[in-house]
Structure formats: structure tokens, C-alpha cells
Amino acid sequence: MRTSDGRIVLGLHRSGHTRDLLEAAADLGITHLDTASNYLRHRSHEILKTTAGDLLPRFSVSTKVGFFPEGHSLDPTRLRIAVEQAVKDLGHEPDLVFLHNPEHSTSDTGRLGPACAALADTARAGLCRSWGVSTWDPRPLMDSDVPCPDVLMVRAGLLVGVDVLEAAEALATRWRPSQVWGMSPFGGNTAQEVWERFDPGVFLRKAAPVTKIQAAFRSAYGLPRVDAVAVGTDNVGHLRELTEAVAYEVDEYVVHEYRQLLKARQLA
């Protein structure tokens, strides 16, 4: 078994929640699972409990609330009820609950603060150990004041535009979370043509042979700088490849030069 490092979060967005995958993740030293109340047609929690069963205590489980069968909502009462339902469906309190993509309800002026306060209250009430905000596009949230979240989750990696990268960094500075997590390091698909057109290995300090997928994944920890990266897969071999990638080091100078090029292109 590999030593647990906590830097990889197994995301279950596109996962079938299979027992084999969860067992392999545990054996590879992955200790974090991330899901959401609306995954698998709003059945992720109960399916995870049934599939994982005795394995769940080996993981720190994070989930998300905000999407309901009829749409997205920042209503504090609905969010609390959703957290309470998550506890019932999982069979125990989640370690972390995110407010899921609050930018979907930015038309609800002034609702983000109370929504975040409601999640903070669920943590204080013992319904979860901590809370956070998961945002696909942080730009609409830039002027919002919220209670300091434990974790902020944002997109990370080479396919994230400079405007979103800068917005994520500015939001982290404004909200001062204890940790920042990245997600979707491959833009949703490792088979995209972009990964065949260039070698992301240039972003790593050369130490040993590294695959393009490993290099793209490892570089995501610096774009923007994050403490962990959530990645989804049902392929055990792919997951093993990613766990090996965390041993490599990101070349901060190359990342800085890349950021400068992105900025110059944006202003051109």
C-alpha cells in the first residue's frame, strides 16, 4: 500500500461508484472521496453507502448541496434540510459539505451570505465537520462577503482561462479559506486532442520519465496553487498513474512564464 498523502481527492461526478474502484483507491493511499447530492440522478449518497459500506470509514467524504431536482437554490432552509438528508443517506456525517456552484443563483441578490452562514451552522451543529464553497466560475462571486469557509474548490489546470485563474486566486485572498482544492484538471476528458498536441512535461522539474497525463495532472496543483486536486475516473490504471504523479515537482518558473503569456494574450 502506498503512503497516504491526502493530495488526491477521488471525485465521483462521472463515477459508477463501483466497489472495485473504491477498494483500489484505498489501496493506493487515497483517503478523500468527493460527491454531491445531485450526482447519479440524486442517488449518489445512498448508492455510495450501499456500495462502499465498510469501506467508507477509510475515507474522508465531502459532498455538495445546492442542486435540487427542480433546480438550483441558495435558500438556507433547503440547504440545511439537504445536509440533514445527506447524513441519513450516507449513514454518518460527511466530513465536508460544499455549497455547490452558487454562481448558478447569483440573481438571488444577497442570498450567498445567508446560504454560507447556513452551511457554517450545520458544521457547528455537528451535521458535518467542516464546510466550503465549490465554484466552477468564481467571477460572479468576487464582490461577495461570506463567512470564512474551511475549503474553497475551484477549477485547476492547463485548460483554465487566465480570467478564471485570477478570479479564483482573488476569491481565495478575499475569503481566506483554510485550504483551496482544485477540480477538473483535464477539462473533463483526458482524450481531448489538446493533450496530443503538446507535452505538458515542460511544467515539471525533470526527475524521471513522466507521461503527458501525469504532467498535466501534476501541473494543475500550480494553476492556481491548490492543496489537493479532485479527479474523477473509473479506470484503476489511470488512478494509479495519477497517484504516482504527485511525486514530481512543478517548475514554478515555467508556470510563472505561462501565466505571463496567458495574461499578455488576454490583453492583446
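Which residues does Leu48 touch, not counting residues up to four places away in sequence? The first legend answers this for a predicted model, and the others turn to further sites.

**View 1. Leu48 and the nonpolar cores.** Leu48 touches Leu12, His17, Leu22 and Leu33. Gly53, Leu56, Val61 and Leu90 complete its list of partners beyond four places in sequence. Leu48 belongs to the largest nonpolar core, which has 71 residues. Leu48 is one of the residues with the most contacts inside that core. Ile8, Leu10, Leu99, Trp175, Phe186 and Phe217 are the others named for this. Another core lies apart from the largest one. This other core has nine residues, among them Leu96, Met153, Trp181 and Met183.

**View 2. Ser44 in helix α3.** Helix α3 spans residues 44-52, and Ser44 is found in it. Ser44 has a relative accessible area of 0%, so it is buried. Its side chain joins that of His17 in a polar contact of 2.8 Å. His17 is also among the residues touched by Leu48. Leaving aside neighbours within four places in sequence, Ser44 is in contact with His17, Thr35, Ala36 and Tyr39.

**View 3. Lys64 in strand β3.** Strand β3 covers residues 60-65 and holds Lys64. Is Lys64 buried or exposed? Lys64 is buried, because its relative accessible area is 1% and the limit for buried is under 20%. The side chain of Lys64 makes a polar contact of 3.1 Å with the side chain of Tyr39. Tyr39 is also in contact with Ser44. Lys64 and Ser37 are 27 residues apart in sequence. In space, their C-alpha atoms are 5.9 Å apart. Beyond four places in sequence, Lys64 touches Asp34, Thr35, Ala36, Ser37 and Tyr39. Phe98, His100, Ser134 and Met153 are also on that list. Met153 is one of the residues of the nine-residue core.

**View 4. His100 in strand β6.** His100 has its place in strand β6. At 7% relative accessibility, His100 counts as buried. Which side chain makes a polar contact with the side chain of His100? The partner is Asn38, at 3.4 Å. Leaving aside neighbours within four places in sequence, His100 is in contact with Ala36, Asn38 and Tyr39. Further contacts of His100 are Lys64, Val65, Gly66, Phe67, His72 and Ser134. Lys64 likewise touches Ala36, Tyr39 and Ser134.

**View 5. The second largest pocket.** This pocket has a volume of about 240 Å³. It is lined by 15 residues. Those closest to its centre are Ser37, His42, Ala82, Gln85 and Asp89. Ser37 is also touched by Lys64. The elements that give two or more residues to the lining are α3, β4 (67-68) and α4. Which element gives the largest share of the lining of the second largest pocket? Helix α4 does, with five residues.

**View 6. The Arg129–Asp95 salt bridge.** The side chains of Arg129 and Asp95 meet at 3.0 Å, N to O. The pair links distant parts of the chain, 34 residues apart. Arg129 sits in the loop between α5 (112-124) and β7 (130-134). Asp95 sits in the loop between α4 (76-90) and β6 (96-100). Arg129 is exposed, with a relative accessible area of 69%. Asp95 counts as buried, at 12% relative accessibility.

**View 7. The Asp163–Arg139 salt bridge.** The closest N and O atoms of this pair are 2.5 Å apart. Asp163 lies in helix α6 (residues 162-175). Arg139 lies in the loop between β7 and β8 (151-155). The two are 24 residues apart and link distant parts of the chain. Asp163 is partly exposed, with a relative accessible area of 28%. Arg139 is partly exposed as well, with 39%.

**View 8. The Glu249–Arg205 salt bridge and a network.** Glu249 and Arg205 form a salt bridge, with the closest N and O atoms 3.7 Å apart. The pair is separated by 44 residues. Glu249 is in the loop between α9 (236-245) and α10 (252-267). Arg205 is in the loop between α7 (194-197) and α8 (212-219). Glu249 is partly exposed, with a relative accessible area of 49%. For Arg205, also partly exposed, the value is 42%. Elsewhere, salt bridges that share partners join Arg19, Glu23 and Asp54 into one network. The whole structure has 17 salt bridges.

Note on methods:
Residues numbered from 1 in each chain as written. Predicted model: local features only at pLDDT ≥ 70, side-chain atom pairs only at ≥ 80, totals over all residues. Heavy atoms only, no water. Core = buried A, V, L, I, M, F, W, Y, C linked by side-chain atoms within 4.5 Å. Buried < 20%, exposed > 50% of the residue type's maximum accessible area, 1.4 Å probe, protein only. Contact = heavy atoms within 4.5 Å. Salt bridge = Lys/Arg side-chain N within 4 Å of Asp/Glu carboxyl O. Helix = DSSP H or I, 4+ residues; strand = E, 2+ residues; numbered from the N terminus. Polar contact = N/O pair within 3.5 Å; in protein donor to acceptor, adjacent residues only side chain to side chain. 1 Å grid on protein atoms, 1.4 Å probe; cavity = no way out; pocket = protein on both sides within 12 Å on 5 of 7 lines; lining within 4 Å. Points joined across faces, edges and corners; volume = space filled by probe spheres on them.
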